[in-house]
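Dear colleague,

I am handing over a structure that you may like to keep open on your screen while you read. My notes on it follow below, grouped by topic.

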Amino acid sequence: MSTRVRFAPSPTGYLHIGGVRTALFNWLWARKTGGSFVLRIEDTDQERSTPESKQVIFDALKWLGIDWDEGPEVGGNFGPYEQMARLSVYKEHAESLIQGGKAFRCYCTKEELDAARAELKAKDSKAQFRYPGTCRTRTDEPDRAFVIRFKAPTEGSVTYVDRVFGEVTTPNAAQQDFVLVRSDGVPLYNFGAVVDDMLMQMTLVARGRDHMVNTPPQILLYQAFEAKVPEFAHLPMMLAPNGEKLSKRHGAVNVLQYRDDGYAPQAVLNYLVRFGWSMGDQEIFSVRPIAGASVPSLVESFSWESSGRADGKFDPKKSLAVQFEHMKSPELMPDDEYVARTLPFLEKRGLTGLDAARVKQAIYTVRPRATTFVDAADRLDYYFRDEPAMDDKPTRKFLVPVHAANLRGLAELLTTVDDWTEANIGQSIQRWVEGRGLGMKDIGQPVRVSLTGRGESPDLFQVLFVLGKDVSIARLRRGSERAERAQAAPPKA
């Protein structure tokens, strides 16, 4: 049988960055082996599950480029792929276990179990309450609500070989008669997951290490159904910088927050894969194979043998560093993609209707420094305005009367440059500066502020080239006029 893996999130809010790491590992394995990646929605928490949260899952995975072969919006041969649409399936399989003597109806009320729990605690405050087996051998069927419990074996053990953690053995004495289906007919996690994974023919279940506690009872269920047990791979945890469980208070754990903050999806995936997997000292990967690329692709490189067991601490600075490597590399981030991802952030700044070709012409000036698409949009802003927004501090410092004549003279010089290239612009300005006994340091900042409104920018010759001849001359003339009208900055004390 070909590889079949799944990602089964609950639609109860945003898609957590840790969940994406789980999806990524499964997707990589499916793509590497030519298998199927299945998306299944586990929406049995009806109090918190919402259609909006389900859509967030779809949107986040699509943004990341994690495509699914079966599941909602795609279909497949093993649907439906949402658990609340499969209640009759769970009922049928629970009844088959009851008929086979492997499960039973439990009529104990919550109040009765709470009383038993309190009685145990009164005797031994440290004792762990276990279902006492009250209904395990019960033969009557009273007309009242019941749950369905698994009749867990009390002897022997469960052993499996984890693809990450190796051989794991759990004595059956550590299990109890756990609930399979609630009184309302909705399955609990272990039962729903096993029935679905069994019927959808999953060959490998890869998930976070926190699920290792669920694996032994799930294997018992597979055995009770006389079904083939899939392989398991448990991934080390993603922790907050202080070692706690990663949550919103530690930063951006909502995947779509990264989109809104201007991250590249492939950079997010590149950073996430390093939690639980490595390939020597290699840090930067392409997500999919790129012809002739000098960096390895995650799909081609991924293997379970290179997976580690140690939990990792989320590092926002490292995440941003990986993002920067993708942003500045035309190989990993081609110009057309760079433009397409930057345009929405330019639009948010009020720069609508921009020509993509014009934006593309300017990209090379910001690539060496822009860390996100938000940052890139900010650095590109002044190219596309009729007038640049003038930062107050550099304007007051550099657009002063002493620089007015040079700005005016440089504007006139540029009217004589016919072939508007960086090289010609640079050569003309250098000759003009040297002919006046000046250096670029004498005119650089007044020119920069006149052109961009800022005290920092890319190389001036690049800025002039991208702005174009007419715009550059007009801005230098306006800078000269502003300088003439300005009061000289007061001397430093």
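**Cysteines, pockets and rings**

C106 is buried, with a relative accessible area of 1%. Please keep in mind, as you read this and everything after it, that the model is a predicted one. How many disulfides does a search of the whole structure find? The search finds 0, and the distances around C106 and C135 are worth following with care. A disulfide needs two cysteine sulfur atoms within 2.5 Å, and because the sulfur of C106 lies 3.7 Å from the closest cysteine sulfur, which belongs to C108, that pair is too far apart for a bond. C135 is likewise in no disulfide, its nearest cysteine sulfur being that of C108, 3.7 Å away. C135 also counts as buried, at 1% relative accessibility.

The next item is the largest pocket, which has a volume of about 1,200 Å³. Of the 36 residues that line this pocket, the closest to its centre are P9, S10, G19, D210 and H211. The elements that give two or more residues to the lining are β1 (4–7), α1 (17–33), α5 (189–199) and β8 (204–208), and the largest share, 4 residues, comes from α1. Sorted by class, the lining of the largest pocket has 15 nonpolar, 12 polar and 9 charged residues.

The structure also holds 1 cavity of 30 Å³ or more, and the volume of the largest cavity is about 30 Å³. Which residues line the largest cavity? They are L410, I429, M440, I443, V447, L460, F461 and L464, and the elements that supply two or more of the lining residues are α17 (440–452) and α18 (460–467). By class, this lining divides into 8 nonpolar residues, with no polar and no charged ones.

Turning to the aromatic rings, the count comes to 20 aromatic pairs. One of them is formed by F302 and W304, which meet edge-to-face, with 5.1 Å from centre to centre and 80° between the planes. F302 counts as buried at 1% relative accessibility, and W304 counts as buried at 1% as well. Ring pairs link these two residues with F25, W29, W277 and F285 into a cluster.

Another residue you may want to find is Q323, which sits in helix α10 (residues 316–327). Is Q323 buried or exposed? It counts as buried, with a relative accessibility of 0%. If its neighbours within four places in sequence are left aside, Q323 is in contact with G262, Y263, A264, A267, T371 and T372.

Finally, there are some details of the backbone. The peptide bond from G79 to P80 is cis, with omega near 0°, and P80 has its place in the loop between α2 (51–64) and α3 (87–99). E73 lies in the loop between α2 and α3, and its phi is near 70°, which is a positive value in a residue other than glycine. E73 is exposed, with a relative accessible area of 51%. Q201, found in the loop between α5 and β8, has a positive phi of about 60° although it is not a glycine. Q201 is partly exposed, with a relative accessible area of 34%.

With best wishes

How values were computed
Residues numbered from 1 in each chain as written. Predicted model: local features only at pLDDT ≥ 70, side-chain atom pairs only at ≥ 80, totals over all residues. Heavy atoms only, no water. Buried < 20%, exposed > 50% of the residue type's maximum accessible area, 1.4 Å probe, protein only. Contact = heavy atoms within 4.5 Å. 1 Å grid on protein atoms, 1.4 Å probe; cavity = no way out; pocket = protein on both sides within 12 Å on 5 of 7 lines; lining within 4 Å. Points joined across faces, edges and corners; volume = space filled by probe spheres on them. Nonpolar A, V, L, I, M, F, W, Y, C, P; charged D, E, K, R; others polar. Phe/Tyr/Trp six-rings, centres within 6.5 Å; stacked < 30°, edge-to-face > 60°.
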